[in-house]
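Here are some short exercises to work through with the sequence and the 3D view side by side. Try each task on your own before you read its solution.

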Amino acid sequence: MPGESYRLGDLNGSYKSDTSLTEKKGQNGDKMYISTAKAFILAFLAIAVAVGVGIIVHFAGGRTLECNCGFPSTASPSGGSGGSTAALEQCKDWASEGIAYICNECSQPSQAPCPTSAPVTTSRPVVTTTRDNVITTSTQGMTTTAPKIDVRIPLDLNPLLYTVELQPDMYAPLQPANFTFAGKIKILFNCRQSTNQITLHSKKLTYDGNFTVFHPNDINDDSKNMYSSHSFDMERQFLIVHTKDTLAAGENYTLEISSFHGPLLPDLAGLYLSSYTRNGATVHIATTQMQPTDARKTFPCMDEPAVKAEFDVTLVRKSHMISISNMPIISNQTRDGDWVADHFETTPKMSTYLLAFIICDFDYIEQTTENNIQYRAFSRPEALSQANYSLEVGVDILNYFEKYFNISYPLPKQDMIAVPDFSAGAMENWGLIVYRETAMLYEKGVSSEGNKQRVAVVVSHELAHQWFGNLVTPSWWDDLWLNEGFASYVEYMGVDNHHPEWRMFEQFVVEDLQDVFDFDGLISSHPVYVPVSHPDEINEIFDRISYAKGASIIRMMRFFLGDDTFQRGLSNYLSSRAFGAAFHDDLWFALGNQSIADGNAIQNVKEVMDTWTLQMNYPTVHVKHMQKGQVTLTQSRYLQDPDAKDPGKYTSPFGYKWKIPFTFTTSNMPEFNVKSNDVIMMNELTHSVSNPSIPQPGTGNWVLGNPMQYGYYRVNYDEGNWINLIRQLESNHSVIPPINRAQIINDAWSLAKSGDLDMSIALQSINYLGNEEDYIPWSAATGQLAFVSSMLARHPLFGAFSHFMRNKTQKIFDDLTMNNTDASHLESYMRSTISGLACEYDIDQCKTESTRLFAEWMGNPEKNPIDPGLKSTVYCTAIAEGGIEEWEFALNQYRTANVAAEKSRLLSALSCSKETWILSRYLNMAIDENEIRRQDSVSVIVYISRNTIGRSLAWDFFREQWDFLLTDYGAGSFGFSNLIGGITSSFNTMPHYNELKDFMESKTDLGSGARAFDQALEKTQSNIRWMNANVPVIATWLKDMGF
């Protein structure tokens, strides 16, 4: 836990792993207890509150829905599912989830109507303590809990083998609104602690078949069926099976449910419906997305990451379709009605969230890896040629990872599939990775170099997960970064091995490290390791902290340990925890022991890394250069807005002090290729460094901290040192490598934003840009200048700022032009960046060429003359400069395009219109699934919000459509938070702040966006502060520069 302290001796064998499937512990390793007297008082108070709430609900009444409890059938032969009561409970659950079409008219007049909000009824002791130390009290027929409920499943039983059969019914004459899936399941458990309940997760499933519970010795004797009844805890998404007799510890038992059903919806979660069009006809497919908590929406299971088991899967399909799952098919069985049942090889021990079930009509191409792993790439038949690149990259990177980790890929096959509708970029299901089409399909001549890199990076990321996450899984979602941070770093290793010319580790600095700095500089950030329980909280942390900060501190750790120690330590970690679960201390243990074995200077890895994972934010190191041969280092907590009020949600166990692996170089000896033995460990707030290479302070002499920006910290200097670094950029910027040129720009502007550096210094840091020809520094500068542009977009100063930007861009644009023929990968990136700036800031040649190329395309739609690397700029510029004719042409091209990357570009370009009525029309289209795919709706709204004209439209639309957006996206891992952050990112006035605050306070449920709203409010405050502090400085500087 965050407040724990560990001894150095832990490295020598006293480490405690949190991987065992046991209750959470208190800070000292003991369970939490309360006294009998306190329990009695708490119970009495909770009963009183519950009765009061019941009286209020009774008299308040409310809208009701009548339940058609015959869907699915409630027949209960031989003491089956619990009959009408269970069906009514299921109806309540569906109604509370908003699936109102289920509840139309009760088949039995005696049944009560179905309320829109179902009270939770569960059998629990009068007073219990939960693993989150929340007191729960209950009375007959009602339950009252403290605000934070324990959603963790009881672990009295451990599943060994699931035998699952699923049969989606998505075929004519049924209409999509009536599509469902049927299933049956048998689960073999080992009883770890005596109990008379079997608790499973279940969501939106209804049960209409027999329940049986047998000891293996009694499985053929129906009289020994131990099943008594079952009930639902809707709030915790539990199905609780009650047994007649106590299940004995140490024994195995089998639970079998002969029939259950669920709706097959296009909701992008669990087993869901997707579709595409072929020759004007809609083709439906069934696919899955289980992570983090939606396997329970597909079949009843113990849906927690550490609760691993084997899975024996059967998928039932129509004969013209195919089925795919994690393992190869081993047999088929023909059934009546043109059905075919495909039975798959049993999986290794794995987590429920990594399961994948797909029924489709796709085709595939295949290769074989060096270790004879079958590697297949599936897609719509029309797009199959676009899968060649991802297959090539996948095979090569899988070979590389096997060698690097020194652990063979453990499954007999690796499939990848591009589906038309997918909520994230991809999902690492073991043996069957599911991708959004833009993340897997690449068409040369249509897709850009950016699209190509996106495919390579996502493929590498998902393959990294086959080890980090799949082979070794975090014990709980609070260590999500062990999955996503590692995959987000290792993805660069895989792509760098395949495309060394892409300079992936230089790109890392601007794509991940500097990007997450902005997010992690907020008081509403969170630690890398963060306590979570409810599914909404789990979904919240699928964010840049878990991904990019996790990757950045892993990169830093690799640097200070050295490549060899890092590689061997990772291999040891993966081997020791294979097919099991891990806590972050297991990683520190493996790396620390390897560091000791290798005789490294830094051996207590845990002591260092806890300061980076158990507290949020990061430090600034101020380098004070006052005399020759010596500098003084001082660390402080960086906050984008130092005046922001800390809500106290997270407290630092280290007082916001970090153990910093500091490195430096100087103008006397500009050595940037630093190694682990150059590290100076800064353990205190202040540290003095003596070194003969440190020059005398003065004209032209400088010190630069954090060469190659390996460390996760910013660096500040005295004004004189800043000026000397800037003069070096202006006189000969090549002395400083591209990464550190980008670092200087990013640090200067970010420190100015926080008030730690004068804005005039930040402005001077980009003076040299007219001579900069490298993509990495330009990427850093563009990110900072885009922020300034968004702040000034509606300010009188924007005209002068635009003039300045034209001045800085004109020369490099004239040199590069818009001719991208035979450009290398990063040359194409550079040309795309500069052309985008040239058109944005009204350089005539760029706008003229863009409108000419677009008009040529409109004249001959079958032949697009625009280079893929310039399409985004040309499309947006032509639509902005044009009218409805250009917009309608682009919309039609979107509707007919067969390449997903092209469709995505067009969706973005359609938001560039300057016509308010067109943007309003586009906003309405965004939530119409007949126009825009559900997976793209959030992106469209955010695109429009980035248009100065569309900014207010998007905010108004968001508020007007709140109920719809919350219902459809409020439980998602990525989309909802991205939507909130996107549409509020440019808020910079008190009216903006008040509108946002009032809106938040008016809503009782913010879904998975609660953290994003807090961050939006903080960013708005920070933006207001920035405007007040910096607009006068920028105005003076621009005037002095002649703009």
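The exercises below go from the whole chain to disulfides, buried residues and helix packing, and they all rest on a predicted model.

**Exercise 1. The chain as a whole**

Task: Find how many helices and strands the chain has, and what percentage of its residues count as buried.

Solution:
- Step 1. Start with the secondary structure: there are 28 helices and 35 strands in the chain.
- Step 2. Turn to burial. The chain has 1043 residues, and 59% of them count as buried.
- Step 3. Now look at contacts between residues at least 6 apart in sequence: 73% of these join residues at least 24 apart.

**Exercise 2. The disulfides**

Task: Work out how many disulfides there are, taking a pair of cysteine sulfur atoms within 2.5 Å as the rule. Then describe each link, its handedness and the burial of its cysteines.

Solution:
- Step 1. Applying that rule gives two disulfides.
- Step 2. One of them connects C839 and C846, with an S to S distance of 2.0 Å. The torsion about this S-S bond is about -95°, so the C839 and C846 disulfide is left-handed.
- Step 3. Check burial, for which the cut-off is under 20% relative accessible area. C839 has 8%, so C839 is buried. C846 has a relative accessibility of 0% and therefore counts as buried.
- Step 4. Another disulfide connects C876 and C912, again with S to S 2.0 Å. Its torsion about the S-S bond is -105°, and the link is left-handed. This pair ties together distant parts of the chain, 36 residues apart: C876 belongs to helix α19 (residues 871–881), while C912 sits in the loop between α21 (900–909) and α22 (916–926).
- Step 5. Repeat the burial check. C876, at 25% relative accessibility, counts as partly exposed. C912, at 15%, counts as buried.
- Step 6. For practice, try two further cysteines. C191 has a relative accessible area of 1% and is therefore buried. C360 has 0%, so C360 is buried too.

**Exercise 3. Buried residues in two helices**

Task: Say where L480, F486 and S552 lie, and which residues they touch beyond four places in sequence.

Solution:
- Step 1. Take L480, which is part of helix α5 (residues 480–498). Its relative accessibility is 1%, so L480 counts as buried. Its contacts beyond four places in sequence are I541, F542 and S546. The C-alpha atoms of L480 and G469 are 8.8 Å apart, with their positions 11 residues apart along the chain.
- Step 2. Move along to F486, also found in helix α5. At 0% relative accessibility, F486 counts as buried. Beyond four places in sequence, F486 is in contact with F468, W481, I554, F566, L570 and L587. Y547 is 61 residues away along the chain, yet its C-alpha atom is 8.0 Å from that of F486.
- Step 3. Finish with S552, which belongs to helix α8 (residues 544–561). With a relative accessible area of 0%, S552 is buried. Setting aside residues up to four places away, S552 touches F508, D512, L513, V516 and Y712.

**Exercise 4. Two helix pairs**

Task: Describe how α23 packs with α25 and how α15 packs with α28.

Solution:
- Step 1. Recall what to look for: packed helices are described by the angle between their axes and the distance between the axes.
- Step 2. Helix α23 (residues 934–946) packs with helix α25 (residues 962–969) at about 135°, and their axes are 12 Å apart. The two helices are therefore oblique to each other. The α23 and α25 crossing is left-handed.
- Step 3. Locate the contact: from α23, R934, S937, V938 and I941 meet L965, D968 and Y969 of α25. Sorted by class, this contact has four nonpolar, one polar and two charged residues.
- Step 4. Helix α15 (residues 775–792) and helix α28 (residues 1010–1040) pack at about 90°, with axes 11 Å apart. An angle from 65 to 115 degrees counts as roughly perpendicular, so α15 and α28 are roughly perpendicular to each other.
- Step 5. Here F787, V788, M791 and L792 of α15 meet N1023, W1026, M1027 and V1031 of α28. The classes in this contact are seven nonpolar, one polar and no charged.

Definitions and conventions. Residues numbered from 1 in each chain as written. Predicted model: local features only at pLDDT ≥ 70, side-chain atom pairs only at ≥ 80, totals over all residues. Heavy atoms only, no water. Axes fitted to C-alpha atoms, helices over the stretch in contact; angles between N-to-C directions. Helix = DSSP H or I, 4+ residues; strand = E, 2+ residues; numbered from the N terminus. Parallel < 35°, antiparallel > 145°, perpendicular 65-115°, else oblique. Left-handed = near helix turned anticlockwise from the far one by under 90°. Contact = heavy atoms within 4.5 Å. Nonpolar A, V, L, I, M, F, W, Y, C, P; charged D, E, K, R; others polar. Buried < 20%, exposed > 50% of the residue type's maximum accessible area, 1.4 Å probe, protein only.
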